[in-house]
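Colleague: I'm still learning to read these models. Could you pick a single part, take a close look at it, and then walk me outward from there?

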Amino acid sequence: MNIDVVHLTGFVLVPFLILLTVRGCVGRPLPSKLHDSDKQPLQTSRPYNIAHRGANGEFPEETTAAYMRAIEEGADFIETDILASKDGVLICSHDVTLDLNNRTNIANFSQFADRKRTYEVQGVNMTGWFVVDFTLEELKLLRVNQRFSFRDQQYNGKYPIITFEEYISIALNAERVVGIYPEIKNPVFINKHVKWSDGKKFEDKFVETLTKYGYKGSYMSKEWLKQPAFVQSFAPSSLTYTADLTDLPKILLIDDVTVRTEDTNQTYYDITSDSYLDFIKNYVVGIGPWKDTIVNTEDNYLNEVTDLVANAHARGLQVHPYTFRNENSFLHLNFHQDPYSEYDYWINKIGIDGLFTDFTGSFHDFQEWTSPLSSKN
């Protein structure tokens, strides 16, 4: 743990230092220093501020520091991607490979040089060091780097990969109610390469972990408001399968309309059709589309608004698009290098219900400055 983040507020920092420095620790969450009844509740009066992989605009993604910063900056939910290690422990990692975009320092470990493999992932052959070929103990030796070269590099190599349970502990130990937003990531690949001794699937282990820590209840129920969680996936069959395991609200993620799903081989164009939305609304409370499936673009300008949001709202579904980033390279030219202008467009013109952002603090500031209800939240 890097002492550079000890100024972050809202946590019992000493117990976290102990928890996260124990190699391979997968334990029950530490008790919060506040009783649940004393915590400020989740705000539900305005679109959700979803910290995409934590505050990864500032810290390496899906690390303790990134999540703690996001909570400090006002995140309603902290988001993560869940994969599994060779020995079946659920971990927080966006990529099935450990070397993609230099995300970890695995290339520095000579003992792992012979672990490179080539596997098929979503119909494409990929070569690299795969998380499914490493035990949790081995993964804990690695350190995470900032994904984008144009972001702050000073924290590279300082934070370890964390487990699903450690991520949950961060949310449960916050001084206010903070939701979690975990993704069932690459379930077809994980179920092919990781086998659990009890014969259960990745999705079973995912839900078992949520249940172990008290996450339950349908959207906006008393139980859900106490410990809010959305379950997300790009794989429709994973969401329909988990519908029989938990009543937690689910979000179907939507990629570029030309891409095919890893499990059902449908295009996301098919996924956004009226007939499919009529089907999936029985299993999910919302969709999480890539921004460009909502508004078409041309030459980096926003162009025609599709009917996706209107169609989703007509069926009672929420819309949580991704990913909002402050840098000019990610902002459409319509917004004149102003991320607050982008927030205003999506919230007030498109009418979304939440958004995934790499810069939690920026979105929180925008909502505080513009919301007449901010003083109540």
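What follows starts with ring pairs and two helices, then moves on to some loops and a hairpin.

Modeller: Sure, but first some ground rules: residues are numbered from 1 along each chain as its sequence is written, and this is a predicted model, where local features need pLDDT of at least 70, side-chain atom pairs count only at pLDDT 80 or more, and totals for chains, interfaces and linings use all residues. Side-chain values come from heavy atoms, with hydrogens and water left out.

Let's begin with the rings. The structure holds 37 aromatic pairs (rings of Phe, Tyr and the six-membered ring of Trp, with centres within 6.5 Å; planes under 30 degrees apart are stacked, over 60 edge-to-face, the rest tilted). One of them is F164 with F206, a stacked pair at 5.3 Å centre to centre and 25 degrees between the planes. What makes this one fun is that the pair links distant parts of the chain: F164 sits in helix α4 (residues 164-172) and F206 in helix α6 (residues 202-212), 42 residues apart. (Helices are DSSP runs of H or I with at least four residues, strands are E runs with at least two, and numbering goes from the N terminus.) Both F164 and F206 are buried (under 20% relative accessible area; exposed is over 50%, and partly exposed is in between, using a 1.4 Å probe and protein chains only).

For contrast in geometry, look at W224 and F230, which make an edge-to-face pair, 5.6 Å centre to centre with 70 degrees between the planes. W224 and F230 are buried too.

Now zoom in on α4, the helix that holds F164. Nine of the nine residues in α4 are buried. Reading along it, you pass F164, E165, E166, Y167, I168, S169, I170, A171 and L172. Take E166, which belongs to this helix. It counts as buried because its relative accessible area is 1%. Its C-alpha atom is separated by 9.9 Å from that of T63, although E166 and T63 are 103 residues apart along the chain.

The other end of the stacked pair takes us to α6, where eight of the eleven residues are buried. The buried set is F202, E203, D204, K205, F206, V207, T209 and L210. After α6 comes G214, which has a positive phi near 90 degrees.

Rings turn up in a bigger group as well: F324, F335, Y340, Y343, Y345, W346, F363, F366 and W369 form one aromatic cluster. Some rings also have a charge over the face (NZ of Lys or CZ of Arg within 6 Å of the ring centre and within 35 degrees of the ring normal). R325 lies over F330 in this way, 4.8 Å from the ring centre, and R115 lies over F134 at 4.9 Å.

On to the loops. T323 is in the loop between β12 (318-319) and α12 (339-350). A cis peptide bond joins Y322 to T323, with omega about -20 degrees. H336 is also placed in the loop between β12 and α12. Its phi is near 50 degrees, which is positive in a residue other than glycine. H336 counts as exposed because its relative accessible area is 67%.

N102 has a positive phi as well, near 60 degrees, and it isn't a glycine either. You'll find N102 in the loop between β3 (90-92) and β4 (117-121).

Next, V257, in the loop between β8 (250-254) and α9 (268-271). With 31% relative accessibility, V257 is partly exposed. Its C-alpha atom is separated by 4.4 Å from that of Y269, twelve residues apart along the chain.

Last stop: a hairpin. Strands β10 (residues 295-298) and β11 (residues 301-305) pair in the antiparallel sense over three bridges (two strands pair if DSSP finds at least two bridges between them). T297 stands opposite L302 of β11, and E298 has Y301 as its bridge partner in β11. Two residues lie between the strands of this hairpin, where D299 takes a positive phi near 55 degrees.
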